[in-house]
Amino acid sequence: MKIFEKHPRDLSTARDEEELTALHMLARKPSEVLSMTSVVKETITGMDLLKAIWTEVRKLKMEEIFELTTRPSIVLFDAIESENNDEVILTFMKSDGKLTTLKDRNGRNLLHLLFLYRRLKISDKIKPSEKRQMIREVDNEGNNVLHLASQLPPEFRSFSGLRASKQMLSEVKWFKKVKENVPHELTRKRNKKGKRPVDVFYDEHKQLSEQIKRAAKVTAKSGMLVATLVATVAFAAVLTVPGDKSNDWFIVFILANTVALFTSSASILSFLSNFISSRFSESDFVTLHPGLIVGPPLLIISVVSMVMAFTAASFLILDCKTKWVSYVVASMWVVPLFFYLLFQFSILDSIFLRRHGLSKLVGAGCLQRVV
């Protein structure tokens, strides 16, 4: 900032070997970087520097401003493509309305890019008269804003397993939200390839759908195996009821064992539905089969009930002789619960990542490529 204050005009218009200006560089920075305060003066941020440079640039002639902000790329569009740069986008949009009428090399206008990079809130800042015109324009491939909103962002293409299903739910929610904010006739418009927005959405998310199907079947196989084991143990336990049947613990044993048997059986059927359901044989994209939503909770309940039945059985067998052993056995139920909660909240994952120095890579979204 001190250097800029000494040479404002020269540094505002200077270009590097790639013809980029300081505005191009700052527009591509994420907001968390621009919000960082200066080491020398804590009140100065990167955003302050950007605004100061932009104020100086606006003193130039209109032809010079356009030359400076549109070559080699459009500064406003660079800001849209960067991460969490809403304040920078609004700075350029409010300062010069003519920048909002520009198009990139693909024929995409400002509104196209806002929908493509999912900046729906910023699109509300555009003047209604300009927005009505831009929302019906198409790019060089004949895509309207809804076609572009249907595309899957590159960072979401590597999702796998159940995370893919969560991402699919988010994608469907996003697409429905965009449809509600555009004219209805755009949903029927076809691009130069003859595809409607819903067709583009299907093509873009087809691979994600296949990942969900594969992950669902693998999870269902594992779930069915465990549920079958629990059901077998619970059924065998009923045939060999231990101890005194007049004891109160006998009622606890029967109830817990019954819950374990029927919830494990229900879990088996829930997981089995993943293989026989017509949803997974059709070519449509899917989110997550209901069997994988209901099956795991039922399996957890059956395992907990099995542990309770075992605890009750220990009281039935040892209550009259060595009572303290029963209490020791009963207290051990916290062990499986502890490990379940431990893995559920990914505590071990965090410890492992920190030990191997991978925590920063996870935050940057690079762990999958490393593995």
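Start by selecting Arg15: at 24% relative accessibility it counts as partly exposed, a label for values between buried (under 20% relative accessible area) and exposed (over 50%), with a 1.4 Å probe and protein chains only. Add Glu19, also partly exposed, with a relative accessible area of 32%. The two side chains meet in a salt bridge at 4.0 Å, N to O; the term stands for a side-chain nitrogen of Lys or Arg within 4 Å of a carboxyl oxygen of Asp or Glu. Now bring in Glu67 and Arg71, which are linked with Arg15 and Glu19 in a network of salt bridges.

A word on what you are viewing: this is a predicted model, where local features need pLDDT of at least 70 and side-chain atom pairs count only at pLDDT 80 or more, while totals for chains, interfaces and linings use all residues. Residues are numbered from 1 along each chain as its sequence is written, and side-chain values use heavy atoms, with hydrogens and water left out.

Next, pick Arg136 and Glu185, whose side chains form a salt bridge of 2.8 Å, N to O. This pair links distant parts of the chain, 49 residues apart: Arg136 lies in the loop between helix 11 and helix 12 (145–149), and Glu185 in the loop between helix 13 (161–180) and helix 14 (197–239). Helices here are DSSP runs (H or I, at least four residues), and strands are E runs of at least two, numbered from the N terminus. Colour by secondary structure and you will find 21 helices and 0 strands.

Move to Lys131 in helix 11 (residues 128–134). Is Lys131 buried or exposed? It counts as buried, at 19% relative accessibility. Beyond neighbours within four places in sequence, Lys131 is in contact (heavy atoms within 4.5 Å) with Leu111, Ser123, Asp124 and Ile126.

Then visit Thr69 in helix 6 (residues 62–70), buried with a relative accessible area of 1%. A polar atom of the Thr69 side chain lies 2.7 Å from the backbone oxygen of Ile65.

For the interior, select Phe92 and Leu110, which touch the most other members of the largest nonpolar core, a group of 50 residues. A second, separate core of 11 residues includes Ala227, Leu261, Phe271 and Leu299. Such a core is a set of buried Ala, Val, Leu, Ile, Met, Phe, Trp, Tyr and Cys residues joined through side-chain atoms within 4.5 Å.

Finish with residues 249–272, one of the spans that an unreviewed UniProt entry lists as "transmembrane region". Its end C-alpha atoms lie 34 Å apart, and the span is 100% helix.

Key. A polar contact is a pair of N or O atoms within 3.5 Å; within protein, one must be able to donate a hydrogen and the other to accept it, and residues adjacent in sequence count only if both atoms are side-chain atoms. UniProt positions are given in the numbering used here, feature names are shortened, and annotations may be inferred rather than shown by experiment.
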